[in-house]
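Visitor: Please walk me through this model and show how each label is earned. I would like to see values set against definitions.

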Amino acid sequence: NNSTIQHLLYSLEGIQFFIEDLDLANDLVKLDLLRLVDLLSHENDEIRTWSSWIFASAAQNNPKTQLALITKYNLLGVLSRVIVVETNDQAKDKQLYAISSLTSGSQPLMDDFVDNHNGLTILSHLLKHSSLATTQFKTVWFLKKLLHNRPCNKSILHINDILPDIIKLFSDSTKIQTVHVAAEVLIMLVKDDVEVANQCKCLGLDKTLINLLKTHQDEEVTGVCK
C-alpha cells in the first residue's frame, strides 16, 4: 500500500545519504543485499530509481565494493537486464549511472559489460530512446570511454544503427558537454574509415565538419562545439 511505499522510499533515501561516505559504503556490502537487489525490479519507479542510485553511489570510485557487488549479486548482469525494459526515464538514468560506477576504473569489468552483457547494444538503445539530457550525456560519455579504452569495440559496434543518433545528439543537444563528447565519438568513428565519413555526409553532417573531425584537432572541434 501507499504507506508501505512511502516508508520504503524514506529508508532508501536515508541509505543513499549515508553511503556517500566511503567507509559506510564498504560496510554496506557486508550486509545481505538481496532485498535491495530485488528492489531494482520493483513495480514502483521511484523505488527502482532510489535502489539504483544507492548501488551507483556505493560503487563509485570504490573497487572493493564494485567487486563485491558483482561477484556476490551479479549486479552488472541484473542492471543490464532491467535497464533494457525500464520505462521510467529517471530510473533508467540511475541504472546507467550504476552500471558506469560498477565498471569505472576496471578494464576487465568494462570488457565484461561489452562482451557478456550486450553493453554496446544497451548504449545504442539508450541513445535512440532517452529523452533526458543527463542520460544522453552519460550514454555518449560511456560510449566514448569504451571506444577509447578498447578500440576493437568499434568493430563490434553497429555503426549504421548508432551513427544517426550520435549525429543528432551532436547537432541538436543544448548541453555543451554532450556536444563535445559526441564530437569525440564521431572522431573515433570517422578515423581511418572513409565509409563512415561518407555515411556522415549522407546523414547530413556538413562536409567541412567531416573534414575537421578527420583532422583530430581537439581545439578546432572544441571551437565548433561552442
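**Labels and their cut-offs**

Guide: Let us start with a short distance: the backbone nitrogen of Ala91 lies 2.9 Å from a polar atom of the side chain of Asn88. This is a predicted model, in which local features need pLDDT of at least 70 and side-chain atom pairs count only at pLDDT 80 or more, while totals for chains, interfaces and linings use all residues. Residues are numbered from 1 along each chain as its sequence is written, and side-chain values use heavy atoms, with hydrogens and water left out.

Visitor: What makes the link between the side chains of Asn88 and Asp45 a polar contact?

Guide: A polar contact is a pair of N or O atoms within 3.5 Å; within protein, one must be able to donate a hydrogen and the other to accept it, and residues adjacent in sequence count only if both atoms are side-chain atoms. The side chains of Asn88 and Asp45 are joined at 3.2 Å, so the distance falls within the 3.5 Å limit. Asn88 itself is placed in the loop between α6 (75-83) and α7 (89-103). Leaving aside residues up to four places away in sequence, Asn88 touches Asp45, Arg48 and Thr49, where touching means heavy atoms within 4.5 Å.

Visitor: Why is the pair of Trp50 and Trp53 called stacked?

Guide: A pair of aromatic rings is described by the distance of the centres and the angle of the planes. Rings of Phe, Tyr and Trp (its six-membered ring) pair if their centres lie within 6.5 Å; planes under 30 degrees apart count as stacked, over 60 as edge-to-face and the rest as tilted. The count by this rule comes to three aromatic pairs. For Trp50 and Trp53, the values are 4.9 Å centre to centre and 25 degrees between the planes, so both tests are met and the pair is stacked. The two residues are three apart in helix α4 (residues 45-59), about one helical turn; helices (H or I, at least four residues) and strands (E, at least two) are DSSP runs, numbered from the N terminus.

Visitor: How do you know whether Trp50 and Trp53 are buried or partly exposed?

Guide: Buried means under 20% relative accessible area, exposed over 50%, partly exposed in between (1.4 Å probe, protein chains only). Trp50, at 18%, is therefore buried, whereas Trp53, at 26%, is partly exposed.

Visitor: And what makes Phe113 and Phe142 a stacked pair?

Guide: Their centres are 5.4 Å apart and their planes differ by 5 degrees, so they satisfy the rule for stacking. Phe113 lies in helix α8 (residues 107-116) and Phe142 in helix α10 (residues 133-149), so the pair ties together parts that are 29 residues apart in sequence. Both Phe113 and Phe142 are buried.

Visitor: Why is the charged end of Lys94 said to sit over the ring of Trp53?

Guide: The term asks for NZ of Lys or CZ of Arg within 6 Å of the ring centre and within 35 degrees of the ring normal. The charged end of Lys94 is 4.0 Å from the centre of the Trp53 ring, and that of Lys138 sits over the ring of Tyr97 at 6.0 Å.

Visitor: Which members of the largest nonpolar core touch the most other members?

Guide: A nonpolar core is a set of buried Ala, Val, Leu, Ile, Met, Phe, Trp, Tyr and Cys residues joined through side-chain atoms within 4.5 Å. Among the 68 residues of the largest one, they are Leu69, Leu143, Ile166 and Leu189. Helix α13 (residues 176-190) gives the largest share, eight residues. Ile166 touches, among others, Leu127, Leu143 and Leu189.

Visitor: Why is Asn61 called exposed?

Guide: Its relative accessibility is 62%, so Asn61 counts as exposed. Asn61 is in the loop between α4 and α5, and its phi, near 55 degrees, is positive in a residue other than glycine. Asn74, in the loop between α5 and α6, also has a positive phi, near 50 degrees, but is partly exposed at 36%.

Visitor: What is the mean pLDDT of the protein?

Guide: pLDDT is the predictor's confidence in each residue, from 0 to 100. The mean is 85, and 88% of the residues reach 70 or more. Over residues 216-226, however, pLDDT stays under 50.
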